[in-house]
Amino acid sequence: MKVLVIGTGYVGLNTGVVLAYLGHRVTCLDLNMEKIDLLKAGKSPIYEPNLDTMLTLAYDHLTFTTDYDEADISTTDVVFIAVGTPSNADGSANLEYVRQAAHAVGSRLNDHFTVVVNKSTVPIGSGNWVGTIVRDAYIESHGMKPDQHYAIASNPEFLRQGSALYDTFYPDRIVVGASDPRAIDVLTNLYRPILNQDFTAAECLPRPEGFSVVPLVTCDLASAEMIKYAANSFLALKISYINEIAHLAEKVGADITQIARGIGLDTRIGPRFLNAGIGWGGSCFGKDTAALISTASEYNLDMPIIQAARTVNYQLREEIVMRVQDELKILKGKTVTMLGLAFKPNTDDLRDAPSIDIAKKLIQRGAKVRGHDPVAMANMQRQYPNLAIEYYDDPAQAVADTDAILLVTEWPVYKKLDWKTILKDGKVKLIDGRNFF
Ligand SMILES: NC(=O)c1ccc[n+]([C@@H]2O[C@H](COP(=O)([O-])OP(=O)(O)OC[C@H]3O[C@@H](n4cnc5c(N)ncnc54)[C@H](O)[C@@H]3O)[C@@H](O)[C@H]2O)c1
């Protein structure tokens, strides 16, 4: 099939590369010229395991452009909108990028049947809203109403940064919401190799043993949109829940790792997302929980559970700083090394990363802050040039002659440091923000 993916961020690029690998002809469009230039040269603008290899493998089926006219929308079967939907100041989702993309698509549709898919996480009701923008743009440019030439669908994305390609090839489920059955047919065909798991897996991303058919959930637009928000809010609250339990466990002298194992073995609960630590960050949980609360408020509904998950989460960033202070007694003039800056391992993404708040608080309280991250340091330096962190390329040097080491992101490489020597005279305090050691 002929596919256009608008937005080459963590979601769009991953989607484009996977669909191209499966044999579809994919154009990836982004307004960011720097990203497209890198992609044309075969290089990924973001860090994601195996992305460079997969780009090479799928390269013959991929085209990159910054130009909507060049994307030839009028002959495209499926257009994915995968642009960012950041938070507005009031917590609602900013849909301006989606609006721009939908308008650009609508004005270029023609007689060929095209499914316009919202892959961005958009508030409930956005499918209808995008439909209206596409329709108005069509009328504006063609001078007449569109005649069944397109359908709108919602296909929320559930990938995890750090294993985005793996999650797309081997998802737990694919959700497609649409009122037009033609849209469901087209997307079912598009995803058939994944649904049936009959594609030849790339060597770098082998199919997990026993992994076979992927469930397809088809529903209406609003339900698909709500599934995404409900899933992310649930995961966010599962983490906040274990963190709340961890507080009490610490007071009563219980071991939160054992507690998590003990409850996680209950199949009704499950073991994942029960790692106590400094909580979640990243581009989705904070933004999506805020957006769900904002949508609910439009219906005069409170979401006290989701609100509580947020409160618990963001308090953790202050609590970990207090923990460092408790260990060092005085923060002023002390050196604190932060190991890990990205919001999670295996990504270079810093959106809503706990490291940023923690570094700010430590610096405000007079500590000298050092930082190391295997891939996110350049982004941190570029995005937060005024944050007075001293960066180290070598984690061993970052932890030498420091007063405290704060493990912020559980990159496996940190397990390989010579901890016996680092901690031998008891002068350096280790604060494990992720229960990693
Ligand atoms: N990152 C994740 O793990 C994840 C997971 C699931 C869902 N999502 C959702 O997917 C969406 C995209 O997230 P992301 O992390 O890939 O974002 P991102 O910020 O990494 O990428 C968005 C891209 O869209 C481009 N863009 C913006 N406006 C455009 C336009 N009008 N035309 C063409 N390109 C345009 C930007 O230049 C940018 O490269 C968001 O709604 C997000 O909530 C993200």
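The legends below describe views of a predicted model.

**View 1. The whole protein, with its helices and strands.**
The protein contains 15 helices and 13 strands. Its C-alpha trace spans about 75 × 50 × 45 Å along the principal axes. A compact globule of 437 residues would have a radius of gyration near 22 Å, and the value of 23 Å for the protein agrees with this. Of the 437 residues, 43% are buried. Among contacts between residues at least 6 apart in sequence, 73% join residues at least 24 apart.

**View 2. The surroundings of the ligand.**
There are 26 residues around the ligand, and Gly7, Gly9, Val11, Ser120 and Thr121 come nearest. By class, this shell has 11 nonpolar, 12 polar and 3 charged residues. Helices α1 (10–21) and α4 (96–106) each supply at least two residues of the shell.

**View 3. An open sheet of 5 strands.**
The strands follow the order β11-β10-β9-β12-β13, and their pairing is parallel. β11 (389–391) and β13 (429–432) stand at the edges with a single partner strand each, so one side of each has no neighbour in the sheet. Ignoring direction, neighbouring strands of this sheet are turned by 25 degrees against each other on average.

**View 4. The pairing of β10 with β11.**
Strand β10 (residues 368–372) runs parallel to β11 and is joined to β11 by 3 bridges. One bridge pairs Gly371 with Tyr391 in β11.

**View 5. Helix α11 on the sheet.**
Helix α11 (residues 304–328) packs on this sheet, where the helix touches β9 (335–339), β12 (404–407) and β13. The direction of α11 makes about 160 degrees with that of β13.

Key: Residues numbered from 1 in each chain as written. Predicted model: local features only at pLDDT ≥ 70, side-chain atom pairs only at ≥ 80, totals over all residues. Helix = DSSP H or I, 4+ residues; strand = E, 2+ residues; numbered from the N terminus. Rg over C-alpha atoms; globule rule 2.2 N^0.38 Å. Buried ≥ 20, exposed ≤ 12 C-beta atoms within 10 Å, placed from the backbone. Contact = placed C-beta atoms within 7 Å. Near = placed C-beta within 6 Å. Nonpolar A, V, L, I, M, F, W, Y, C, P; charged D, E, K, R; others polar. Pairing = 2+ DSSP bridges. Axes fitted to C-alpha atoms, helices over the stretch in contact; angles between N-to-C directions.
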